[in-house]
Amino acid sequence: MDERCVCHSAGKALRRFMVWGQGRFVMVNGHPFIDYYSLLQVHPECNARTLEIAYRHLAKMYHPDHPETADRDLFNTIIEAYGVLRKPEKRASYDVLYVRNTGFTFTSQAAGLSEGIAAMSDANMHANILMYLYKKRRQCARTPGAGAFDISRSLNCSYENFEFHAWYLRKKSFIEIMEDGTFAITVEGIDHVISTSEATAEKRLRITQSDDFHPSKWAERDVTTGMAA
C-alpha cells in the first residue's frame, strides 16, 4: 500500500492531524507523521499533568460508547499518542521527529531536558547492541561477529550514531572487533547483559505487583474497557 492509500484510509478527522509538507503528507517508516500535540490539543512543552487531563477528556469524548461524538480512528490514535508522550524516553524521541517535521523550536529549558533524556536513549541503544551481539554469540559461538551495517539496520540506528555506540562499548570492553572486522560481545559484555537482565526482571516484577494501584493505569482501563466489551 502506497502512502496515498495509507493516508486516505484514515478517517477524515484524523487526517487533520497528519503533518503536511512540500505538497504531501510527511511519512515516517511508511506511516503518516501525526502531530500528537495538536491531536491532544496541548502545547508541545506542556507538563505531564496537562497531558493527562487532555488525554482523559478526549478519550472520553471519542470513545465508541458515546455515539454522538464517537470516532474509532481518533480514539485509537489518542491512546497511541498518550502512550508515547507520557513516557519521557519515548517523548524525547518523538520530539526529535516533531522538530524535524514541523519546524517547531523548543525553549532552551525543554531542549536541555531532551538532551538529558537523549543520554538515556543512548543507554538503551547500548543495551540493544549488547543484547543483539549476545544472541548472536549464543546462536553461533564459532562465528559470533556481526557487521556494523547489519547491526545498524536491525536496530534502526544510523551508521553515524552506531560509530559512537561502538566506540563507547569497546572502551568499556563490552565488545571487540574480530579479525574479519565484525563486532562481537566479550565475556565482560555477557556478564553485563546477564546482570542487567536480572535487575530489569526484578524491576518489572515490582511494577507488575503495584500496577493496579497506579493512577495512570486507571485512565487506560477506563477508555479501553468499552472496546473490549
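A helix here is a DSSP run of H or I that spans at least four residues, and helices are numbered from the N terminus. The model shown in these views is predicted.

**View 1. The whole chain combines 11 helices with six strands.** The chain has 229 residues, and 33% of them count as buried. Take the contacts in the chain with a separation of 6 or more: residues 24 or more positions apart account for 54% of them. The chain exposes about 14600 Å². Carbon and sulfur atoms supply 54% of that exposed area.

**View 2. Arg-49 and Glu-52 meet in helix α4.** Their side chains form a salt bridge, 3.6 Å from N to O. Both residues lie in helix α4, which covers residues 48–61. They sit three residues apart, about one turn of the helix. Is Arg-49 buried or exposed? Arg-49 is exposed, because its relative accessible area of 52% is over the 50% cut-off. Glu-52 has a relative accessible area of 16%, so this residue is buried.

**View 3. Glu-52 also pairs with Arg-56.** Here the side chains meet in a salt bridge at 3.2 Å, N to O. Glu-52 and Arg-56 are both in helix α4. Four residues separate their positions, again about one turn of the helix. Arg-56 counts as partly exposed, because its relative accessibility is 33%. Which residues are linked in a network of salt bridges? They are Arg-49, Glu-52 and Arg-56.

**View 4. Helix α8 holds a salt bridge between Arg-153 and Asp-150.** The distance is 3.4 Å, N to O. Helix α8 covers residues 148–154. Arg-153 and Asp-150 lie three residues apart in this helix, about one turn. Arg-153 is exposed, with a relative accessible area of 57%. Asp-150 counts as partly exposed at 32% relative accessibility. How many salt bridges does the count come to? The count comes to four, including this one.

**View 5. Phe-164, Trp-167 and Tyr-168 form a nonpolar patch on the surface.** Together these three residues have about 310 Å² of accessible area. Tyr-168 has its place in helix α9, which covers residues 159–171. Why does Tyr-168 count as partly exposed? Its relative accessible area is 31%, and partly exposed means that the value falls between the 20% and 50% cut-offs.

**View 6. Cys-46 and Cys-157 are both buried.** Cys-46 has a relative accessible area of 11%. Cys-157 counts as buried at 11% relative accessibility. These values fit the label, because buried means under 20%. A disulfide is a covalent bond between the sulfur atoms of two cysteines. How many disulfides does the structure hold? The structure holds zero disulfides. That means no pair of cysteine sulfur atoms lies within the 2.5 Å cut-off.

Terms used:
Residues are numbered from 1 along each chain as its sequence is written. This is a predicted model: local features need pLDDT of at least 70, side-chain atom pairs count only at pLDDT 80 or more; totals for chains, interfaces and linings use all residues. Side-chain values use heavy atoms; hydrogens and water are left out. Helices (H or I, at least four residues) and strands (E, at least two) are DSSP runs, numbered from the N terminus. Buried means under 20% relative accessible area, exposed over 50%, partly exposed in between (1.4 Å probe, protein chains only). Contact means heavy atoms within 4.5 Å. Accessible areas come from the Shrake-Rupley method with a 1.4 Å probe; for residues, only the protein chains shown count as cover. Patches are made of residues with over 30% relative accessible area and no salt bridge: like charges are joined within 9 Å, nonpolar side chains (Val, Leu, Ile, Met, Phe, Trp, Tyr) within 5 Å.
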